[in-house]
Amino acid sequence: MKRLLNILFWSVIAAAFIGPGTVTTAARAGSDFGYTLAWALFFSVVACLVLQEAAGRITVVTGKELGEAICAGFGGWAPVLVAGGIVLGCAAYEAGNLLGGVAGLRLILDFSPGALTLVTGAAAALLLATGNTRWIARCLGALVAVMGLAFIVTAVRLDPDVLGLLTGLTVPRVPAGSTILVLGLVGTTVVPYNLFLGSVLARDSDLTEMRWGLGVAVIGGGIISLGVLVVGTALGGGLEYVRLASVLDLRLGSGAGASLALGLFAAGFTSAITAPLAAALATRSLLARADDEQWAINSRRFSAVWVGVLAFGMAFGIADVRPVPMIILAQAFNGVLLPLVAVFLWTTMNDRRLLGESGVNSIAQNVVMGVVVVGCIALGLRGLSVAVSGVVRFFGGG
C-alpha cells in the first residue's frame, strides 16, 4: 500500500507533462509523420528521468529545493531570470492546458468555450486554494490513471505496426517540416517547471522512494505519450480534435471518440492545476529566503503567482483562441527555455560544496546528463533558428 501511494504521489509529474500539449503534439506527430518522430519521445523520457532524478537528489541530499540550490550556487540575477522564464513558460502552458481540456469537453458537451473555461478554471482554482500538495498529487494521480487507460486502450485497438514503431523509436530522423514538432515533443515531456515541482515533492522522501516513484511515473507517462502518437496515426495528415474523434468512432466503433474526449479533458485539467502550482513553488524557491512567511503556501505572494498563471490561461480560453496552434507553440517555447534550466541543473550537480562527495554526479551520471543537456541545447538552438527564420520571412515578405 505504501508503494502504491508513493506511485500515486509521484504521478503528479506525469500529470504535469501529459497535458493537452502532449496529446496535441504527439497526435500531430503521428498524424503528419507516422512513427518517424517516436525517437523524440524516447529521448524525452530518458532526459526527463535524468533531469528529474537530479532535481530530486538535490533536495534529498541537502534539504534544499532546486531554486534554493540555484540561488546558493549562482546568486545575482540568475534566480530572477530563471523565475521569470518559468512563470512565462507556465503561463504559455496554462493557455494550452485550458484550451485543450475545454476542446475535449466540447466533443461531448454542447456549451460555449467561454462557459466551459470558466467552470474548468474555477474547479482548478478551488483545488489549488486548498494548499495541500500531497492531497492534490494523489487526486491528479487517479486522473492520470483514467487518462492513460483511455489512450492506451485506444492505441492497442488500432493494431499498430510494431516493427515500424520500433524503427521510429530507435532511428532518429528529422523530416522536412518536423523541427517544431520534435522540439515540442521534448518541450512537452521534459517540462522545465516540473524540475522544481519534483524537487519540492522529494522533500520528505529518501533516494530509493524518490527514484522508484519517479521512474514509474515518467516511464508510464512516456508509454501514454507513445499511445497518443499511435492514435494520431489514424488521421493520416493534419489534426483537428473533432475529425480525430470521428475517425476513431468510425474505425473502432461508438465510444472511441468519447474516450478521446475523456482523455483530452483529464490531460487538460490535471495540467491546468500543476502548471500554476509549479510556477508558484518555483518562484518561491528561487526568490524567497528559507522559512519566509511572506511566501508560505496560501500567502498573498504565493497565491498571486498561481492566480496570475491561471487567469492568463483562462483569458485565452474565454477568447476562444484556436487550441492546436497555441498548444504546439507553447511546447516549442518551453523547449527553448529548457536548455537554460538544464545547464543550471547540471552545474549544480557538480557542486561539491553544496552536495558533498556522495551527492555529486558520478562520472557515468555526468556523461549521461551531459548527453541530455547537449541534446536539449541542440534542439533549442534549432527551434530558435526556425523561429527567427520565420520572423525574417514574415517581415521580408511584407
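User: Which helix holds F265 and F269, which are separated by about one helical turn?
Analyst: F265 and F269 are about one helical turn from each other because they sit four residues apart. This is a predicted model, in which local features need pLDDT of at least 70 and side-chain atom pairs count only at pLDDT 80 or more, while totals for chains, interfaces and linings use all residues. Residues are numbered from 1 along each chain as its sequence is written, and side-chain values use heavy atoms, with hydrogens and water left out. Helices are DSSP runs of H or I with at least four residues, numbered from the N terminus, and the one holding both residues, spanning residues 256–287, is α13.

User: What kind of aromatic pair do F265 and F269 form?
Analyst: Searching the whole structure gives one aromatic pair, where pairing requires ring centres of Phe, Tyr or Trp (its six-membered ring) within 6.5 Å. Planes under 30 degrees apart count as stacked, over 60 as edge-to-face and the rest as tilted. With 5.8 Å centre to centre and 15° between the planes, the pair of F265 and F269 is stacked.

User: Is F269 buried or exposed?
Analyst: Buried means under 20% relative accessible area, exposed over 50% and partly exposed in between, using a 1.4 Å probe and protein chains only. F265 has 24% relative accessibility, so F265 counts as partly exposed. F269 has 15%, and therefore counts as buried.

User: How many residues does α13 give to the largest nonpolar core?
Analyst: A nonpolar core is a set of buried Ala, Val, Leu, Ile, Met, Phe, Trp, Tyr and Cys residues joined through side-chain atoms within 4.5 Å. The largest has 110 residues, of which L51, F196 and L345 touch the most other members. The helix that gives the most to this core is α13, and its share is 14 residues.

Definitions and conventions: Helices (H or I, at least four residues) and strands (E, at least two) are DSSP runs, numbered from the N terminus.
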